[in-house]
Amino acid sequence: MMHPSAQWRWPCRAMVAIAALSLLFGCQAPPGKPEPPVGPPAVETALKRLEPDTYPDFADDMDYEGLERALTHSIAYLQAAPPERTFRFGPDPYDTAHVLKSLQHFLAFIRTQPPVRTLQEFIRSDFRVYQSIGRDAQGQVLYTGYYEPLLKGSLERRSEFSYPVYPRPDDLVTIDLGAFFEKYKGETIAGRLAGRRVVPYYDRREIEQDGVLSGKAEPIAWVEDSLDLFFLHIQGSGRIALEDGRILHVGYDAKNGRPYRSIGQLLIDEGRIPRDEISMQRIKAYLRENPSEAERVLHHNPSFIFFRVVPDGPLGALNFTLTPGRSLALDLKMFPPAALAFTETMKPVGDAFGRVQAWTPCRRFVLNQDTGGAITGPGRADIFWGSGPYAELAAGHLKHAGTLYFIVLKPEAASP
């Protein structure tokens, strides 16, 4: 979820989609845990190589169909990447061809539908495994989730559809800082021209309350609910059900460059919602029960996302469709894009009323295919859950610790 907001997805992501809670919590440590040290580690130290006898148990809790699809997307990305590009797994660099061969080798094996024991032996024999140092340098990674929401809307403004979904405005300027200073490579800022100066772009309140985009951006669509629209910004992509039955897919295009502020943290600080109850669902319920507070709370977050129409489904940072349960959003400055990874965390078990009844282990192979401004450093990960009731439940409630591993072919196994 690319994810948007805060310092959400950089413009390289077509889909900004960071999980609702990724943005609600940002990089805040869980209750009772110390805050992570200031400043991320160097990419060379974000992953540590493991000895084979310390590899985790590679058992997958999903069928392999989605994994095959996610692998083919990463393979397509690597096939188009420059051959001289370096992909760094902690201290070890690999070129494009090696990472590509890793995924092709793994995909061919997965297509045989191997039993767990055979899978374990295959990885120990043919692959190196690296573990993220996590947020505490001990391997702990905070997992959250994001999903693709469904909103009701219209291509024309109507009395029941009065909240605009804006495209990128004509006067929004994006500046690549890396073009000026090497140390800022990969970083951008957004603003607008005021005479001969570049100034910050309008914030959420100015856009929604003052109408500053009039004549600068014709809305893509109009939706019926301002709160649902706000969380569309948090997710970074979604579907809009039109009156004639068609579905309009919208994805992240740009952001206004303003810093993200968590409305969840605001409601905790004000004593409106207890910290141990915070979730996307709980925030929505509170604001619907207290509509007079909604505008003030939503405008607390000055970050604003602009969308574009996409042909199908949410696009991640690699510009390929994300795969539910298999696409992971990570800090692409820390971890190699498109690479194969393995997650260990928890997932919710829901009831017929959309409530969490229990939590169960979530252990599966995933691909590093997305990113987000709130997903920074080696201790944050965001799982894309897809769309529908369960995806919303998981994305809204997941905020659990876990571990993260990366898998790449041994150099000797890559030899012809």
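What follows is a walk through the fold, its nonpolar cores, one helix face and one buried arginine in a predicted model.

To start with the overall picture, the chain runs to 416 residues, and 55% of them are buried. Its secondary structure comes to ten helices and 19 strands. About 17,800 Å² of the chain is exposed, with carbon and sulfur atoms supplying 52% of that area.

On to the interior. In soluble globular proteins, nonpolar side chains tend to be buried together. Here, the largest nonpolar core takes in 75 residues, and the members touching the most others are Phe-89, Phe-106, Ile-123, Phe-365, Leu-404 and Phe-406. A second core, separate from that one, has 14 residues, including Ile-220, Ala-221, Leu-229 and Ile-240. As for Leu-404, its contacts beyond four places in sequence include Tyr-130, Val-141, Tyr-143, Leu-328, Leu-330, Phe-335 and Phe-342, along with Gln-131, Ser-132 and Thr-343.

Helix α8 spans residues 280-289, and its buried residues are Met-280, Ile-283, Lys-284, Tyr-286 and Leu-287. Viewed down the α8 axis, these fall within an arc of 165°, so they line one face of the helix. The general rule behind such patterns is that an α-helix has 3.6 residues a turn, so residues three or four places apart point the same way.

Then there is Arg-204, which sits in helix α5 (residues 204-209). Arg-204 has a relative accessibility of just 1%, so it counts as buried, the cut-off being under 20%. A polar atom of the Arg-204 side chain lies 2.7 Å from the backbone oxygen of Ser-303. Setting aside neighbours within four places in sequence, Arg-204 also contacts Phe-230, His-233, Asn-256, Leu-298 and His-299, among others.

Note on methods:
Residues are numbered from 1 along each chain as its sequence is written. This is a predicted model: local features need pLDDT of at least 70, side-chain atom pairs count only at pLDDT 80 or more; totals for chains, interfaces and linings use all residues. Side-chain values use heavy atoms; hydrogens and water are left out. Buried means under 20% relative accessible area, exposed over 50%, partly exposed in between (1.4 Å probe, protein chains only). Helices (H or I, at least four residues) and strands (E, at least two) are DSSP runs, numbered from the N terminus. The arc is that of the directions from the helix axis to the C-beta atoms. Accessible areas come from the Shrake-Rupley method with a 1.4 Å probe; for residues, only the protein chains shown count as cover. A polar contact is a pair of N or O atoms within 3.5 Å; within protein, one must be able to donate a hydrogen and the other to accept it, and residues adjacent in sequence count only if both atoms are side-chain atoms. Contact means heavy atoms within 4.5 Å. A nonpolar core is a set of buried Ala, Val, Leu, Ile, Met, Phe, Trp, Tyr and Cys residues joined through side-chain atoms within 4.5 Å.
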